[in-house]
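Biologist: I am new to this structure and would like to learn how to read it. Could we go through some features one at a time?

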Amino acid sequence: MKKDGLNNNIGAPLWLLAELTYACPLQCPYCSNPIEFAKRNNELTTVEWRKLIEQARELGAVQLGFSGGEPLVRRDLEEIILHAHQLGFYTNLVTSSVGMTTQRVLALKQAGLDSIQISLQASTQVLNDYFAHAASFQQKIAMARAVKAAGFPLVLNFVLHRHNIDFVESILDLGLQLNADYIELANTQYYGFALHNRDYLLPTQQQVERAEMIAHQYRDLYQDKTRIYYVVPDYYENRPKACMNGWGNIFMTITPDGYALPCHSARIIPDLQFPSVRENDLRWIWQESPLFNQFRGLAWMPEPCRSCPDKYEDFGGCRCQAFLLTEDSSAADPVCHLSPHHDKIVAAINKVNINPPSTAKLMFRNPKNSKLVAKGD
């Protein structure tokens, strides 16, 4: 149903993710930022972000996340957060905490920020700093304590992979010691640098199952102290995830250079046209743009998704993953055991379960390596 050129039967983008910058002091080898992130440096200004979040609020968005890169790099972060708070958004900051100080934590609190998520690479300094490719562990611990002391809900996020997943117990113990309100054990999802490094990061099935068992044990033991979430890697699921609760359903990402995406990785699909918020109103982008309608709903689905009763639950899976593994963004997500491309997932799993390679050839995220990875792809 349309009225005045708008699809009024489409719901609101309830969750808006503002990727403020691709700049980051860390060089994680599983970063999902665009491979050639260094080329995308025409960042939205403070005024442009203020206007954008006003449009999002008018459109019905209620939750606003700030991420990057590292959002603390932006000197205007507190100003943007204050504006969002005054508009009535629930705001959360996703950060490495590098560049944070106790004074800045208090400034963020004063600006009206609601929640802070700090990412850690491991539970020990040696492993954390190796995978961050920067001395950051002590800073993270200090800022986790400062965040908690300031009265924020503390969310700790640990990205799991083959080289830290065996330390899930010590990871959870660290989270409990820091009195985290939420501990997210998020297995690596294979986009960007993570896909390039997949053979060196993908854990074995035994590792995944053991970590999940431990996470469930801790959840039962400490449910009165913290909430623990364990996200199984897609590759070890037989059914695809309901990516972003469906393409163009409730989620929108705005990139640092002002493009609107239905998920943070969508720009890897080359045959799509990505609308710029500098050239288009956010309402038109959400309701009318070809991009957000490309895979919205169910009509676009080919077989076997079209006939699958689970399509109402998983929406056909991840379009980015489908493209990366099949070069066809409309293909059934290869994670699904019914997909004609599921053999690609099986082959990747078999490779690491039979003969896991070392970390010797890990490609860390930095401008120099982004060129190497792009050429290699």
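Modeller: We will go through a pocket, a cavity, a helix and some backbone angles. Keep in mind that this is a predicted model.

Biologist: Start with the open space. What volume does the largest pocket have, and which residues are closest to its centre?

Modeller: The largest pocket holds about 1800 Å³ of space. Its lining has 49 residues, and the closest to the centre are Val94, Gln117, Asn157, Glu184 and His264.

Biologist: Which strands supply at least two residues each to that lining?

Modeller: They are S3 (15-19), S4 (63-67), S5 (90-95), S6 (115-120), S7 (154-160), S8 (182-187) and S9 (227-231). By residue type, the lining of the pocket divides into 23 nonpolar, 21 polar and five charged.

Biologist: Now the closed space. How many cavities of 30 Å³ or more does a search of the whole structure find?

Modeller: The search finds one. The volume of the largest cavity is about 90 Å³. Among the residues that line it are Arg239, Pro304, Cys305, Cys308, Asp333 and Cys336. Seven residues of this lining are nonpolar, one is polar and four are charged.

Biologist: How do I read a helix such as H14, and which of its residues are buried?

Modeller: Check its length, then its sides. Helix H14 covers residues 342-354, and at 1.5 Å a residue its 13 residues should span 18 Å; the end C-alpha atoms are 18 Å apart, which agrees. The buried residues of H14 are His342, Ile345, Ala348, Ile349 and Val352. These cover an arc of only 125 degrees around the axis, so they are on the same side of H14. They pack against helix H8 (198-201) and helix H13 (319-326). Exposed Asp343 and Ile354 are on the face turned away from the buried side.

Biologist: What should I look for in the backbone angles?

Modeller: Start from the usual case: most residues other than glycine have a negative phi, and most peptide bonds are trans. Here, the bond from Gly68 to Gly69 is cis, with omega near 20 degrees. Gly69 is in the loop between S4 and helix H2 (77-87). Glu303 and Pro304 are also joined by a cis peptide bond, with omega about 5 degrees.

Biologist: Where is Ser97, and is this residue buried or exposed?

Modeller: Ser97 lies in the loop between S5 and helix H3 (102-111). Its relative accessibility is 0%, so Ser97 counts as buried. Ser97 is not a glycine, yet its phi is positive, about 75 degrees. Met244, in the loop between S9 and strand S10 (251-254), has a positive phi of about 55 degrees.

Note on methods
Residues are numbered from 1 along each chain as its sequence is written. This is a predicted model: local features need pLDDT of at least 70, side-chain atom pairs count only at pLDDT 80 or more; totals for chains, interfaces and linings use all residues. Side-chain values use heavy atoms; hydrogens and water are left out. On a 1 Å grid over the protein atoms alone, a cavity is a set of points where a 1.4 Å probe fits but cannot get out, and a pocket is an open set with protein on both sides within 12 Å along at least five of seven lines; lining residues have an atom within 4 Å of a point. Grid points are joined across faces, edges and corners, and a volume is the space filled by probe spheres set on the points. Helices (H or I, at least four residues) and strands (E, at least two) are DSSP runs, numbered from the N terminus. Ala, Val, Leu, Ile, Met, Phe, Trp, Tyr, Cys and Pro count as nonpolar, Asp, Glu, Lys and Arg as charged, and the others, Gly among them, as polar. The expected span of a helix is 1.5 Å times one less than its number of residues. Buried means under 20% relative accessible area, exposed over 50%, partly exposed in between (1.4 Å probe, protein chains only). The arc is that of the directions from the helix axis to the C-beta atoms. Contact means heavy atoms within 4.5 Å.
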